[in-house]
Amino acid sequence: MKQPIPSVQTIKTILENRIPQPIMQHIPSSVMLLLFSIENELHLLFTKRAEHLAHQPGDISFPGGRKEKNETPLETALRETQEELGILPEQITLLGKTDFMLTTSGALITPFVGYVSNITIEEISFNKDEVAEIFTVPLSFFRQTQPEVHFLYLSPFTEDTFPYDRITGGKNYPFVRPKIPELFYQYKQYTIWGITAQIAHHAVCLFFQEEDKK
């Protein structure tokens, strides 16, 4: 039996009513950028990951992680923030979200921005199984400090069964060698780099965009 073929109108309806997603498989993740007012200045909160963790031990990051079950991106960010820092969803005034980030490891990260006004940094009882310490950085630091930019080059690595015989040039095919800019900030004894630095840099640029228009 001949398979039915969709009409042009059917295809148009399908495409115009959908939200585009990355074609390749990705891992939905979320982070929460928490703002605190300290001495009349807004600060961003960062965590230092515990040294014994298998994934990114000792790195500076924002609270966050992978989606679980049928969570929305916001639900993921709020759950992870509560698990890592003990800050409840109702203690966070959600301000919005910044642009998402698709990493080379396949994570699709949605950053949210929240303001916390009813607890102080000293009152935060963080989960020491996941977090070694917490600290804040004033937004003015990012405003006044340009990040260092260093480049990471990725080389193709294939399995033994990769079918080189089916592509032009075989093993000599001119594979692209991606050049990824890695940002680095040095704040006191803390090195903020990688995805965390990229998200922080992008967010602060958004925060100050109205000031930049003046």
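1. Two strands pair if DSSP finds at least two bridges between them. Helices (H or I, at least four residues) and strands (E, at least two) are DSSP runs, numbered from the N terminus. On that basis, Y187 stands opposite Y190 in β11. Strands β10 and β11 pair in the antiparallel sense, over four bridges.

2. Ground rules for this note. The model is predicted: local features need pLDDT of at least 70, side-chain atom pairs count only at pLDDT 80 or more, and totals for chains, interfaces and linings use all residues. Numbering starts from 1 along each chain as its sequence is written, and side-chain values use heavy atoms, with hydrogens and water left out.

3. The hairpin of β10 and β11 has two residues between the strands. K188 lies in the loop between β10 (179-187) and β11 (190-193). Its phi is positive, near 55°. Most residues other than glycine have a negative phi. K188 is exposed (over 50% relative accessible area, 1.4 Å probe, protein chains only), at 61%.

4. Strand β11 alternates. Y190 and I192 point to one face and are buried, where buried means under 20% relative accessible area and partly exposed is the range between buried and exposed. T191 and W193 point to the other face and are not buried.

5. Check E39 as well. Phi of E39 is positive, near 50°, in a residue other than glycine. E39 sits in the loop between β1 (27-38) and β2. At 77% relative accessibility, E39 is exposed.

6. Aromatic contacts come next. The structure holds 12 aromatic pairs. Rings of Phe, Tyr and Trp (its six-membered ring) pair if their centres lie within 6.5 Å; planes under 30 degrees apart are stacked, over 60 edge-to-face, and the rest tilted. F46 and F142 form a tilted pair, 6.1 Å centre to centre with 35° between the planes. This pair links distant parts of the chain: F46 is in strand β2 (residues 41-49) and F142 in helix α3 (residues 139-144), 96 residues apart. F46 is buried at 0% relative accessible area. F142 is also buried, at 5%.

7. Which residues do ring pairs link into a cluster? They are F46, F62, F135, F141, F142, Y185, Y187 and Y190. Y187 and Y190 return here from the hairpin, where Y187 stands opposite Y190.

8. One charge-ring contact deserves a line. The charged end of K179 sits over the ring of F151, 4.3 Å from the ring centre. The criterion is NZ of Lys or CZ of Arg within 6 Å of the ring centre and within 35 degrees of the ring normal.
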